[in-house]
Amino acid sequence: MNLQEARAALRSARRVAVLTGAGVSAESGIPTFRDAQTGHWARFRPEDLASPGAYHRDPETVWAWYAGRYRDVTRAQPGAAHHLLAALERGKGEGFLLATQNVDGLHARAGSERLVELHGNLTTARCELCGTVVPLPAPEDFTPPPTCPVCGSRMRPNIVWFGEFLPEDALEAATLAFQEADVALIVGTSGVVYPAAGLALETRREGGVVIEVNPEETELTPYLSFSVRDVASRGLAALMEP
Ligand SMILES: [Zn+2]
């Protein structure tokens with residue numbers, strides 16, 4: 001398949017499933033987990049900040065880390081790739097689903113609605129007892145930990161941590177969408193991080209077209225229909241050109 005054919009396949013597809021990863025947010029200046037680990041945070045291992053065990057031992061430190069990351073994402077703006085995917089959704093309607101590994105909430109801010117956030121969302125908190133999810137107050141008004149408005153329990157960052165399972169309903173919705181997709185797009189994710197590889201292969205197994213947008217070759221590349229070797233914004237723009 002070449003770029004013309006990939007473009008035509010995307011244009012005529014009735015069902016489109018998209019998976020996005022860090023590459024989409026990098027263009028908005030969102031630091032990766034490791035990039036954000038500067039200064040005070042440099043001496044922590046990721047699992048000291050992002051695991052159930054760490055939170056159990058020291059919820060204040062874990063919340064301080066996530067409050068900082070929440071500040072970072074509220075300062076960032078959705079980029080061209082976020083807006084292009086929101087436009088693609090408006091064009092496809094019901095047959096569209098966007099699954100993201102990103103936790104910055106930028107897809108929603110760009111207008112994506114048929115969206116599943118596989119790894120949670122930095123801008124919300126989840127009740128440790130009853131599971132209620134609420135948006136965090138503005139960073140300047142936020143003193144962690146938040147308290148559940150329903151049951152009064154402590155709330156935790158609404159993030160999937162090391163050693164935790166992905167939310168079952170989100171993963172099911174994504175799997176179904178990738179199985180049914182005429183065209184699947186894998187944008188800005190290496191394919192190594194679960195569940196990227198699995199989702200792409202679901203589409204391939206069912207006979208659908210899978211197109212990757214990534215500046216670099218990935219472990220998935222050999223299994224895909226076509227690869228656009230570019231950053232997310234330019235790669236998506238090339239695919240969506242009329
Ligand atoms: Zn609660």
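These are my notebook entries on a predicted model of a chain with a zinc ion.

**Entry 1: the two domains**

I began with the overall layout. The domain assignment splits the chain into domain 1 (3-29 + 78-119 + 165-240) and domain 2 (31-75 + 121-159). I then looked up how far apart they sit, and their C-alpha centres are 27 Å apart. How many residues of each domain are in contact with the other? I found 8 residues of domain 1 in contact with 8 residues of domain 2. Between them the two domains bury about 580 Å², and 50% of that is on carbon and sulfur atoms.

**Entry 2: the zinc ion**

Next I went to the metal. Which residues coordinate the zinc ion? I noted Cys127, Cys130, Cys148 and Cys151, each through its SG atom, at 2.3 Å. The angles among the 4 donor atoms run from 101 to 120 degrees, and the site is tetrahedral. Along the chain, the donors follow the spacing C-x2-C-x17-C-x2-C. Cys127 lies in strand β4 (residues 120-127), while Cys148 lies in the loop between β5 (133-135) and β6 (155-159), so this pair ties together parts that are 21 residues apart in sequence. I also checked whether these two are buried or exposed, and both Cys127 and Cys148 are buried.

**Entry 3: the loop between β5 and β6**

I stayed with this loop for a while. Pro145 is also placed in the loop between β5 and β6. A cis peptide bond joins Pro144 to Pro145, with omega at about 0 degrees. Ala138 is another residue I looked up in the loop between β5 and β6. With a relative accessible area of 31%, Ala138 is partly exposed. I then took the distance from Ala138 to Asp230: the two are 92 residues apart along the chain, and their C-alpha atoms are separated by 35 Å.

**Entry 4: helix α10**

Which residues of helix α10 (residues 196-205) are buried? My list reads Ala196, Leu199, Ala200, Glu202 and Thr203. They cover an arc of only 150 degrees around the axis, which puts them on the same side of α10. I looked up what covers these buried residues, and the cover includes β1 (16-20), α9 (168-180), β7 (183-187) and β8 (209-213). Just after α10 comes Gly207, which takes a positive phi of about 90 degrees.

I also picked one residue from α9, the helix that holds Glu172. Glu172 has a relative accessible area of 53% and is exposed. From Glu172 to Val116 I read 10.0 Å, C-alpha to C-alpha, for residues 56 apart in sequence.

**Entry 5: helix α11 and Arg7**

Last, I turned to helix α11 (residues 232-240). Its buried residues include Ala232, Ser233, Gly235, Leu236, Ala238 and Leu239. Among the elements that cover them are α1 (3-12), α2 (22-26), α7 (80-92), β7, β8 and β9 (226-228).

From the covering helix α1 I chose Arg7. Why does Arg7 count as buried? Its relative accessibility is 10%, and buried means under 20%, so Arg7 falls in that class. Leaving out residues up to four places away in sequence, Arg7 touches Ala238, Leu239 and Glu241. Ala238 and Leu239 are on my list of buried residues for α11 as well.

Notes
Residues numbered from 1 in each chain as written. Predicted model: local features only at pLDDT ≥ 70, side-chain atom pairs only at ≥ 80, totals over all residues. Heavy atoms only, no water. Donors = N, O, S within 2.8 Å, 3.2 Å for Na, K, Ca; no water. Tetrahedral: all angles 85-135°; square planar, octahedral: opposite > 155°, others 65-115°. Helix = DSSP H or I, 4+ residues; strand = E, 2+ residues; numbered from the N terminus. Buried < 20%, exposed > 50% of the residue type's maximum accessible area, 1.4 Å probe, protein only. Arc of directions from axis to C-beta. Contact = heavy atoms within 4.5 Å. Domains from an automatic or database assignment. Buried area = accessible area lost by both parts, 1.4 Å probe.
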